[in-house]
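Colleague: I am new to this structure and should be grateful for a guided discussion. May I put my questions to you one at a time?

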Amino acid sequence: MSYLRKILAIVWKDIVAELRTKEMFSAMFVFAVLVIVVFVFAFDLRVVGEQVQQVAPGTLWVAFAFSGVLGLNRAFVMEKDRGCLEGLLLAPVDHTAIYFGKMVSTVLFMLVVEAFMLPVFTAFFGVNLFDLRLILTIVLGTVGFAGVGTILSAMTAQTRAREVLLPILLLPVAAPVLIFAVKATAGVLDGQPTSEIAFWLRLLVAFDLIFPAVAFMTFDYVVKE
Amino acid sequence: MKRRNDTLLIVLTALSAVLVMIALYLALVGAPDANLQSETGRYAQRIIYFHIATAWVGFLAFFVTFVGGVGYLRTQARKWDIVALSSAEIGTVFMLGVLVSGSIWAKPAWGVWWVWDERLTISLIQFLVYVGYLMLRSSVEDPARRARFAAVYGVVAFISVPINFIAIRLWRTQHPLIFGSEEGGLGPNMMFAFFFCLITFTIWYVTLMWHRIRLERSRDQVEALKQKIMG
């Protein structure tokens, strides 16, 4: 089996498991909606009418990031709980294939949740989010977030604090993704020219390449006994 | 050999103490006043000598943690893990010192305790990364696994520093730079005090590292003895 096929096999396994339970999708989606509701409550008295546009990009990405943390946590805790991680590690594949498989499946789950979130968000905030450049931003931002999140999730799943620890380790490291993605999103919503937005997108691409490369080199140390 | 090392450590500790005292004198009395109009501004800038030296040690310590992490991943030797751990602990304290001293200075100089300026923000993120590093360590029981996880996080976090720096700089330059222009540069006397503090703090860091590494080694020895007695 080629390396790519091995990665796809792991992704397929995760998709099948998710389709049977649907627990990850429902939790992530409901949580993302709740984040937006909480934001609306928190801002309601101060930010009204036109000003809502100003907080829309940030709100969107906080909802994506928090529901992403939820998904990332499940990715490895699920395997760990039922002793599946050992089975996965015994499979005749390079350990980095497990990293990429888990990363791809996390990206897919996050993107599905985000696709469902966009109409909800459009309705709540009255901003048009159906723009090709915005979709590109969301894909790139999600890949960056999941890229660094997957290796940290593999670590925290094996610690005592588990779910609690992941956001603490992830958010400072993933801060650039949030900055770039929020800037690009704000650019799209403010109607800035594409060249302006492309600047932030290029930075996102750089981030998307650096951390999977680091994970590729260090993932072995995270899973070996 | 061991005796001589201990003597050297005592000398180094005493030297650090004396140097810090001199640095304190230079920063508070020796260095000239800055050419700032307000009285508070003139005195408040004296914290800069300690503030920048603290920041330097904070980032240096983080680099040493990174080197310790890479060393551990390559060799699996306990000594590298001890270096990384010791440096991270010291760095956390110094980074907190940066945030506190920066805030103390910002209040008279800018009128607020905190602004989301690029350097302040990167220091805060850096501090939070350190805290995460120590929390990760305390959450893993198996020593070998703890060392491996800490090393990997140390590497990931270190690589995130320049990216964070670029991101935060770009994020801030979108706004007009309000506080950038009032830096007038340092006069010759100020330069001396400044570099004296920088060197003093570096020596102080080395002393602290030595003590901390020694402590961790003793802890390992006690653990080994315990194992021996308990069977």
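Colleague: Where in chain A does Arg162(A) lie?
Modeller: This is a predicted model, and Arg162(A) has a phi near 50 degrees, a positive value in a residue other than glycine. Its place in chain A is the loop between α6 and α7.

Colleague: Is Arg162(A) buried, partly exposed or exposed?
Modeller: A residue needs 20 or more other C-beta atoms within 10 Å to be buried, and 12 or fewer make it exposed. Arg162(A) has 16 such neighbours inside 10 Å, and therefore it counts as partly exposed.

Colleague: Which residue of chain B has a positive phi near 60 degrees without being glycine?
Modeller: The residue is found in the loop between α3 and α4 (78-110) of chain B. With 14 other C-beta atoms within 10 Å, it is partly exposed. The residue with this phi is Gln76(B).

Colleague: Is Arg74(A) buried or exposed?
Modeller: Arg74(A) is found in helix α3 of chain A. Ser153(A) is 79 residues away from it in sequence, yet the two C-alpha atoms are 8.5 Å apart in space. The threshold for burial is 20 or more other C-beta atoms within 10 Å. Arg74(A) has 22 of them, so it is buried.

Colleague: On which residue is the kink in α3(A) centred?
Modeller: Helix α3 (residues 52-81) of chain A has 30 residues, and its first and last C-alpha atoms are 42 Å apart, close to the 44 Å expected. Just after this helix, Gly83(A) takes a positive phi of about 65 degrees. Within α3(A) there is a kink of about 25 degrees, and its centre is Ala75(A).

Colleague: What is the angle of the kink in α8(A)?
Modeller: Helix α8 (residues 194-223) of chain A has 30 residues, which at 1.5 Å a residue should span 44 Å; because its end C-alpha atoms are 42 Å apart, the two values agree. The helix nevertheless has a kink centred on Met217(A), of about 50 degrees.

Colleague: Which helix gives the largest share of the largest nonpolar core?
Modeller: In soluble globular proteins, nonpolar side chains tend to be buried together. Here the largest nonpolar core has 124 residues, and those with the most contacts inside it are Ile151(A), Phe180(A) and Tyr153(B). The largest share, 17 residues, comes from residues 165-189 of chain A, that is, helix α7.

Colleague: Which residue of chain B is in contact with Ile151(A), leaving aside neighbours within four places in sequence?
Modeller: Ile151(A) is one of the residues with the most contacts inside the largest nonpolar core. Its partners in chain A are Tyr99(A), Ala215(A), Thr218(A), Phe219(A) and Val222(A), and its partner in chain B is Val156(B).

Colleague: Which element gives the most to the side of chain B that touches chain A?
Modeller: In this interface, 23 residues of chain B are in contact with 21 residues of chain A. The elements of chain B that give two or more residues to its side are α5 (118-138) and α6 (143-173). The greatest contribution, 13 residues, comes from α6(B).

Colleague: How many charged residues are on the side of chain B that touches chain A?
Modeller: The contacts join 23 residues of chain B to 21 residues of chain A. By class, the side belonging to chain B has 17 nonpolar residues and four polar ones, and its charged residues number two.

Colleague: How many helices does chain B have?
Modeller: Along the sequence, chain B follows the pattern α-α-α-α-α-α-α. Of its contacts with a separation of 6 or more, 76% join residues 24 or more positions apart. The secondary structure has zero strands, and its helices come to seven.

Colleague: Over which residues of chain B is the pLDDT below 50?
Modeller: Chain B averages a pLDDT of 84, and the mean for chain A is 89. Among the helices of chain B, confidence is lowest in α2 (residues 39-44), at a mean of 68, and highest in α3 (residues 47-75), at 91. Where pLDDT is low, the predicted coordinates should not be read in detail. The stretch below 50, which has four contacts beyond near neighbours in sequence, is residues 174-184.

Colleague: What ipTM does the predictor give the complex?
Modeller: The predictor gives two scores for the complex. The pTM is 0.87, and the ipTM is 0.88.

Key
Residues are numbered from 1 along each chain as its sequence is written. Chains are lettered from A and ligands numbered from 1 in the order in which they are written. This is a predicted model: local features need pLDDT of at least 70, side-chain atom pairs count only at pLDDT 80 or more; totals for chains, interfaces and linings use all residues. Two residues are in contact if their C-beta atoms, placed from the backbone, lie within 7 Å. Helices (H or I, at least four residues) and strands (E, at least two) are DSSP runs, numbered from the N terminus. Ala, Val, Leu, Ile, Met, Phe, Trp, Tyr, Cys and Pro count as nonpolar, Asp, Glu, Lys and Arg as charged, and the others, Gly among them, as polar. A nonpolar core is a set of buried Ala, Val, Leu, Ile, Met, Phe, Trp, Tyr and Cys residues joined through C-beta atoms within 7 Å. pLDDT is the predictor's confidence in each residue, from 0 to 100. The expected span of a helix is 1.5 Å times one less than its number of residues. The bend at a residue is the angle between axes fitted to the seven residues ending there and the seven starting there.
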